[in-house]
Amino acid sequence: MSVLTRDEAQTRAGLLDVHRYTIDLDLTGGDETFDSHTLIAFSARTDGDTFVEIRPAELRSVTLDGQPLDPEALDGNRLPLKNLTAGEHELRVHAAMRYSRTGEGMHRFTDPTDGETYVYTQLFLDDVQRVFAAFDQPDLKAVFELSVRAPQGWTVLANGITEHTGDGRWRAAPTPPISTYLVAVAAGPWHSVRTEHRGLPFGLHCRRSLAPHLDADADELLDITRACYDRYHEKFDEPYPFDSYDQAFVPEFNAGAMENPGLVTFRDEFVYRSAVTDTERQTRAIVIAHEMAHMWFGDLVTLKWWDDIWLNESFAEYMGYQTLVEATRFTDTWTDFGVTRKAWGYDADQRPSTHPVAPEAVDDTASALLNFDGISYAKGAGALRQLVAWLGEKDFLAGINTHFARHKFANATLADFIDSLAGATERDVHAWADAWLRTTGVDTLTPHIAPGDHGTCALTVDRAGSRPHRIAVGLYDRDLGDDGGHLVLRERLHLDLPQDGAQPIGKRPALLLLNDGDLGYAKVRFDPESFETVRKDLSGLPSPLTRAVVWNALRDAVRDGELAPGAYLETARAHLPLETDLAIVQGVLAFAATHITDRYLTPEERPAALATLSELCRDLIRRTEDGDNPGLRLIAVRHRIDVAAHPDTIAAWLADGTVSGGPELDPELRWRVLARLAVLGATDEAAIAAELERDPSATGQEGAARCRAALPDPEAKARAWAAMFASDDLSNYLFSATARGFWQPEQADLVREYVPRYYADAVPVADRRGPAIATAVGRDAFPAHAVDADSLRLGEQCLRDTDPSPSLRRSLTDQLADLARALRVREAHTA
């Protein structure tokens, strides 16, 4: 398949104006393919040649202005259109298209719970070609008029309001001008909850087997949707630009959600089958707010080319978090952002694959797809948050509204966006953009406190990096009125970097914290006395957001080899049992388990680290015995299961169906326990089959695949490997579940022979199965536990001597960078 280059897109955009797509899909033809009829009305500005994209199972007929074209002229995914004359044209394309099992194009899923089948589209970034013929680039917007023939009993959802016209035929209202990648269809026997808000139809949709779980949360979901809708109408002058707002929770979805105008699709794990924490509910709410923000930024105003993807994602990321704070009960979202999303951005920005927030060298669509990462989302949102603080929200929103008015239903670039902002402020927004959006890497800020006269001190900050920063500096003293464990904020200073001279700070504080409030985007360090205060009194800091900044600083110090991994664990052991914020508890435990115990510590050190985490989780479980904090207890139980070194306790929980004192083991916890028992060799195929019979759902199928791959048995490992790499039968979700079960640190000797096989087998399966599976191969199937020089050498050789697909190459590059970092951390703290 040929990828579209920026030059080709610019040439085609200069030649064509695309007016309307009339699309007819027939979903009644069987399990493998569907019929696709497309009529494209377009005009050529001058005489010339171009092409249209399609990836059919069979290209049946093509006519241009009533004259047949040879289907055999299709070259990969490109059908040439030669000798166009200036003026109006009509292109008709009839094809059979393949259903997808990888979450790309038209994905087809049969629910193992009840046998019902569902299909939905995911057409980002260039997958519209898997569904219908298109001039597939974001700046050739058009009106889309869609009709669908579906099996009896199905409901068809689309970007516009749909109407059933009889005999299984559905017609969607024509859209306003939108980009090809934003077209959406979702069809099946949906369970739906419908309402109206301010005269606009709202809908929630899910598989029928999930109906009770959606119904249980429908009020919460709709309340959040209404609150965000109302708040965006207070912020934005342009009203919501589409005729309805449906939210469909779809199976085996690769992303968190997709901002299709009028029909947002979400991964249906957000329809909770099992108990979740309030932080997880907050995450779902953030995604709802994020996708709704896209209705304006991304859908109403769309990027011209993929180098400006940050304009979509950074804006929606920032707006999602900020709008929840303003409009819902979730008022601590920025703590979660600091703990999870910002760390994602920092990590991505320190790998060889880093790129500017607004890169200038996105030459083709394959390159563009790689930039949907922690930089485009988290770093960009962090930069926007700093920009808002610098400009003031009033001027920021004035610039945004100018941008919407200038470019609605059209396309825009970074230059357009910056010009809109610059018109609303006297600050130099162009210089800000050059410093923050065109550069890479994370600055590191280190404080130095020098004594002055009469017991006072002055602060200077070393900046490893080149960007300007405006940060808050928190000065904390010990509260001498209690037992000494609490810290109180004396003052929060605002500091511009680089400094113009030392900053007086009065008497020396017990803790000086750079970037207090987390408005900046930089790694921060501690002076020696402040670090000792952190070690002793971290849990005594009054604000969760402040504690999140401290925990992130400790995390960064471990990753940079400046803080021993064991010291981080000791700090967690001392302070996490006193932590009240669930996002912090979850984030610290996840880093401790995934990175420290599994990668940064040696195999010899790992058992003691697991024991420390197990004791920590036991403390949290004891602390929550009164039932006052079920979310904290759930986090502790989950992690207690994951770090269990011996099967007795968790096997007893599974046998009893409950943890002593609660919670009862719901499906998620039961599969979690069984997966850990499989790793420890304390269960077998019969127990896995029995659990699958108890829970035959799609999630149960994934749980069983993970457990089977985790069994410490050579035959089980061979079967799992063959399923992943020798067969193309696994769906995207079952592939990932199998991969997550396969590699286990406890089984390093058993799977040692598969480490070199991974580098040999990863490339061909990624080539065969496409970007979604390639990403899963690099993310989930990578032998991350094998922290040794041989694995690093094999990976580097794979990149050098083979030709991995772009998605796999990016994943491997990142994984090998993290592997090299883990080796450096070990070397830094080896006695």
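The following legends describe close-up views of a predicted model.

**View 1. Strand S1 pairs with strand S2 in an antiparallel hairpin.** Strand S1 covers residues 16-26 and strand S2 covers residues 33-44, and 10 bridges join the two. Within this pairing, Asp17 stands opposite Ser43 of S2. The hairpin has 6 residues between its strands. Gly30, which lies in the turn, has a positive phi of about 125 degrees.

**View 2. Strand S1 also runs parallel to strand S10.** Strand S10 comprises residues 143-149, and 7 bridges join S10 to S1. Thr22 stands opposite Glu145 in S10. S1 is thus shown with two partners, the antiparallel S2 and the parallel S10.

**View 3. Glu53 and Arg12 form a salt bridge.** The closest N and O atoms of this pair are 2.9 Å apart. Glu53 belongs to strand S3 (residues 48-53) and Arg12 to helix H1 (residues 6-15), so the salt bridge ties together parts that are 41 residues apart in sequence. Glu53 is buried, at 2% relative accessibility, and Arg12 is likewise buried, at 2%.

**View 4. Asp477 and Arg490 meet through their side chains in a salt bridge.** The N to O distance is 2.9 Å. The pair links distant parts of the chain, with Asp477 in strand S24 (residues 469-478) and Arg490 in strand S25 (residues 487-497), 13 residues apart. Asp477 is buried, with a relative accessible area of 14%, whereas Arg490 is partly exposed at 28% relative accessibility.

**View 5. Glu269 forms a salt bridge with Arg267.** The closest N and O atoms are 3.3 Å apart. Glu269 counts as partly exposed, at 34% relative accessibility. Arg267 is also partly exposed, at 23%.

**View 6. Five residues are linked in a network of salt bridges.** The members of the network are Arg55, Glu104, Asp126, Asp127 and Arg130. A search of the whole structure finds 74 salt bridges.

**View 7. Cys617 is in no disulfide.** The count of disulfides comes to 0. The cysteine sulfur nearest to that of Cys617 belongs to Cys707 and is 20 Å away. A disulfide requires two cysteine sulfur atoms within 2.5 Å. Cys617 is buried, with a relative accessible area of 1%. Cys798 is buried as well, with a relative accessible area of 4%.

Key
Residues are numbered from 1 along each chain as its sequence is written. This is a predicted model: local features need pLDDT of at least 70, side-chain atom pairs count only at pLDDT 80 or more; totals for chains, interfaces and linings use all residues. Side-chain values use heavy atoms; hydrogens and water are left out. Two strands pair if DSSP finds at least two bridges between them. Helices (H or I, at least four residues) and strands (E, at least two) are DSSP runs, numbered from the N terminus. Buried means under 20% relative accessible area, exposed over 50%, partly exposed in between (1.4 Å probe, protein chains only). A salt bridge is a side-chain nitrogen of Lys or Arg within 4 Å of a carboxyl oxygen of Asp or Glu.
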